[in-house]
Amino acid sequence: MDWNIQKAPPFNCELEVPGDKSISHRAVMLASLADGPCVIRGFLPGEDCLSTKEAFRKLGVQIERPTNTTLIIHGTGGRFTAPDAAIDCGNSGTTMRLISGLLAAQSFQTRLTGDASLSKRPMKRIMDPLSLMGARITAEGEQERPPLLVEGGALRGIDYISPVASAQIKSAILLAGLFASGTTSVTEPHLSRDHTERMFEYFGIPLKREGLKVTIEGGARPQSRDFRVPGDVSSAAFWLVAAAAQPGARLRVNRVGLNPSRTGLLGTLARMGARVREFEHSNVGEPFGTIEIEGTALKATRIAGKEIPNVIDELPILSVAAALAEGTTVISDAAELRVKETDRLAAIASHLKAMGVAVVEKPDGLEITGGQPLRGARLDSLGDHRIAMAFAIAGLFAEGETVITGTDCVNTSYPDFYDVLRQVTALRTSPDPLIIRLGDDQTDIS
Ligand code: S3P
């Protein structure tokens with residue numbers, strides 16, 4: 001389905017976003033490894049996380065789904081059975097990279113496949129450290145691209161210095177480390193999202209953190225626990241920018257994850273002039289609470305260095321914020337964007353240019369000069385959910401119609417995005433905030 005988007009007036013709205021994608025993946029993994037049943041609430045029913053759920057089913061884990069967002073996972077204590085066919089990871093790099101760490105230690109062989117986009121993504125980054133641990137992984141595609149053939153076997157701990165700040169690399173190694181002999185540690189150049197570390201701790205696996213280094217001992221298994229997944233701040237980011245860039249707009253996002261390794265965009269938007277406040281309500285496993293934001297005329301900023309891994313998934317929508325801000329925003333140290341679901345630096349540059357924005361594409365970033373009116377355009381998602389959603393938000397600020405094509409990919413992380421977009425932007429006369437709750441099919445609270 002194509003999305004047809006028109007310029008919209010400022011909104012006053014209160015909403016919830018679906019479960020966090022990164023945390024939903026990890027909840028399924030840790031619960032599957034646990035020594036008994038675990039109830040996971042707030043699970044993201046997006047295609048990526050469903051790929052992870054199906055992968056563990058194929059590995060012999062019994063998983064019930066009493067509601068769309070509730071899973072009851074009967075952990076097997078780390079004993080998996082050989083799947084009778086290849087495991088299809090769909091579009092999900094997180095599924096393929098993290099599960100490789102676990103499969104490298106099993107006593108059987110597994111083939112991991114993915115869709116056209118995942119089949120172009122680099123796997124050497126996990127094959128190298130896992131091979132050092134003794135794993136045998138063969139990439140069937142050129143230049144270590146998927147499909148992957150993982151031949152399980154005995155692993156030994158390593159002390160790995162990762163060249164990239166990547167939670168997927170760190171997590172693949174830590175998951176393999178659970179099954180390895182001795183000590184496994186990973187040091188990264190900057191802190192990437194720390195959901196795996198937090199979830200290990202929550203599920204009772206001892207873990208040592210010293211600065212950018214994380215260490216575990218082999219042999220521990222998660223204890224069965226129930227877990228609630230908070231709303232995904234990366235999904236909230238689209239609405240936060242839509243409100244931040246619109247003087248007069250107000251937005252409150254409830255029950256959203258506030259893990260500091262993920263909320264960098266709040267600081268970025270505050271630097272750009274938005275009025276942002278966050279309130280933490282709970283910190284069981286992961287912190288979550290409320291974010292409030294008020295729109296203003298944004299000004300340019302610089303996004304670089306250690307801030308990049310924190311906002312890595314928000315750079316498409318922050319680039320849209322930059323296009324709406326007065327001055328030139330410089331994004332650098334972000335070459336990782338070239339190996340996401342699509343080459344996001346190229347996609348952002350070409351789409352912003354199509355909307356009339358002055359953009360310079362650099363090998364590791366972008367220079368975006370904002371403040372001029374955007375022009376509606378016909379833009380393809382390029383199979384990338386975050387490109388589709390970021391440019392749908394850009395369309396709310398553009399003169400004329402914006403059409404986004406190829407929007408099915410949004411089902412990977414935010415299936416209801418377009419419904420919410422239509423509600424948020426419908427012309428309203430009431431001064432009271434519009435309240436948008438998750439649909440009944442996504443409510444698991446009794
Ligand atoms: C993720 C880590 C990030 C992020 C991705 C999800 C995760 O990737 O971009 O959307 O859940 O671990 P990298 O680890 O490759 O930076």
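Q: How are the domain bounds set?
A: They come from an automatic or database domain assignment. This is a predicted model, where local features need pLDDT of at least 70, side-chain atom pairs count only at pLDDT 80 or more, and totals for chains, interfaces and linings use all residues. Residues are numbered from 1 along each chain as its sequence is written, and side-chain values use heavy atoms, with hydrogens and water left out.

Q: Which domains supply the shell around the ligand?
A: Domain 1 (3-19 + 231-436) and domain 2 (21-209) each give at least three residues.

Q: What makes a residue part of the ligand's surroundings?
A: One of its heavy atoms must lie within 4 Å of the molecule. S22, R26, T94, S166, A167, Q168, R193, I312, D313 and K340 surround the ligand.

Q: What makes four of the shell residues charged?
A: Asp, Glu, Lys and Arg count as charged; Ala, Val, Leu, Ile, Met, Phe, Trp, Tyr, Cys and Pro as nonpolar; the others, Gly among them, as polar. The shell therefore sorts into four charged, four polar and two nonpolar residues.

Q: Why is the pair formed by R26 and the ligand called a polar contact?
A: A polar contact is a pair of N or O atoms within 3.5 Å. A side-chain N or O atom of R26 is 2.6 Å from a ligand oxygen, so the pair qualifies.

Q: Where do D313 and K340 stand?
A: A polar side-chain atom of D313 lies 2.7 Å from a ligand oxygen. For K340 the value is 2.6 Å.

Q: How much of the ligand does the protein bury?
A: The protein buries 94% of the 380 Å² that the ligand exposes when taken alone. Accessible areas come from the Shrake-Rupley method with a 1.4 Å probe.

Q: Which helices each supply at least two shell residues?
A: α1 (21-33) and α5 (167-179) do. Helices are DSSP runs (H or I, at least four residues), and strands are too (E, at least two).

Q: Where is P147, and what kind of peptide bond joins P146 to P147?
A: P147 is in the loop between β8 (136-139) and β9 (148-151). The bond is cis, with omega about -5°.

Key. A polar contact is a pair of N or O atoms within 3.5 Å; within protein, one must be able to donate a hydrogen and the other to accept it, and residues adjacent in sequence count only if both atoms are side-chain atoms.
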